[in-house]
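Please work through the exercises below with the sequence and the model side by side, and try each task before reading its solution.

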Amino acid sequence: LWAEGLLNIRSTSFEELMKKVEKTFGTKIVIERNDFPELEVVRGKIPISMGLDYTLRTLQGIIPFEYVEENDTNVIRIL
């Protein structure tokens, strides 16, 4: 799906998903929480062309997490 411009979120753990997001958007994601939310998505795709912010906000609609983007860096902190 990556070749089609889509991020596949099906059947993956939260940690694996954040690694996919990190690689896809060329950003560093630091997870600052001890517990990882359960990802219960049977199928799902997010268009990469919509950008990182859209992707994270879309994921927040299905997974309980907060994030902060550090100013002037390429780091996203997952809280």
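**Exercise 1: a patch of charge**

Arg10, Lys20, Arg43 and Lys45 gather in a patch of positive charge on the surface. Task: state where Arg10 is placed in the chain, and decide whether Arg10 is buried, partly exposed or exposed.

Solution. The model is a predicted one, in which local features need pLDDT of at least 70 and side-chain atom pairs count only at pLDDT 80 or more, whereas totals for chains, interfaces and linings use all residues. Residues are numbered from 1 along each chain as its sequence is written, and side-chain values use heavy atoms, with hydrogens and water left out.

Step 1. Arg10 sits in the loop between strand 1 (6-8) and helix 1 (14-25), where helices (H or I, at least four residues) and strands (E, at least two) are DSSP runs numbered from the N terminus.

Step 2. Arg10 has a relative accessible area of 43% and is therefore partly exposed, given that buried means under 20%, exposed over 50% and partly exposed in between (1.4 Å probe, protein chains only).

Step 3. Membership of such a patch requires over 30% relative accessible area and no salt bridge, with like charges joined within 9 Å; Lys and Arg count as positive, and the place of a charge is taken as NZ of Lys or CZ of Arg.

**Exercise 2: salt bridges**

Task: say how many salt bridges a search of the whole structure finds, and describe which residues are linked in a network of salt bridges.

Solution. Step 1. The search finds four salt bridges, each being a side-chain nitrogen of Lys or Arg within 4 Å of a carboxyl oxygen of Asp or Glu.

Step 2. One of them joins Glu32 to Arg77, with the closest N and O atoms 2.7 Å apart. Because Glu32 lies in the loop between strand 2 and strand 3 while Arg77 belongs to strand 5 (residues 75-78), the pair ties together parts that are 45 residues apart in sequence.

Step 3. Arg77 also forms a salt bridge with Glu70, the closest N and O atoms being 2.3 Å apart, and the network accordingly links Glu32, Glu70 and Arg77. Glu32 is partly exposed at 43% relative accessibility, as are Arg77 at 26% and Glu70 at 25%.

Step 4. A further salt bridge runs between Arg33 and Asp35, whose closest N and O atoms are 3.6 Å apart; here Arg33 is buried, with a relative accessible area of 18%, whereas Asp35 is partly exposed at 48%.

**Exercise 3: aromatic rings**

Task: classify the pair formed by Phe65 and Tyr67 as stacked, tilted or edge-to-face, and name the aromatic cluster that holds these residues.

Solution. Step 1. The structure holds three aromatic pairs, where rings of Phe, Tyr and Trp (its six-membered ring) pair if their centres lie within 6.5 Å, with planes under 30 degrees apart counted as stacked, over 60 as edge-to-face and the rest as tilted.

Step 2. Phe65 and Tyr67 are 6.4 Å apart centre to centre with 40 degrees between the planes, so the pair is tilted.

Step 3. Phe65, at 4% relative accessibility, is buried, and Tyr67, at 15%, is likewise buried. Phe14, Phe36, Phe65 and Tyr67 form one aromatic cluster.

**Exercise 4: a loop residue**

Task: locate Asn34 and give the separation of its C-alpha atom from that of Leu79.

Solution. Asn34 is found in the loop between strand 2 (28-31) and strand 3 (45-47), and at 82% relative accessibility Asn34 is exposed. The C-alpha atoms of Asn34 and Leu79 are separated by 9.5 Å, although the two residues are 45 residues apart along the chain.

Technical notes
Patch = residues over 30% accessible without salt bridge, like charges linked within 9 Å, V, L, I, M, F, W, Y side chains within 5 Å. Areas by Shrake-Rupley, 256 points an atom, 1.4 Å probe, with all protein chains shown as cover.
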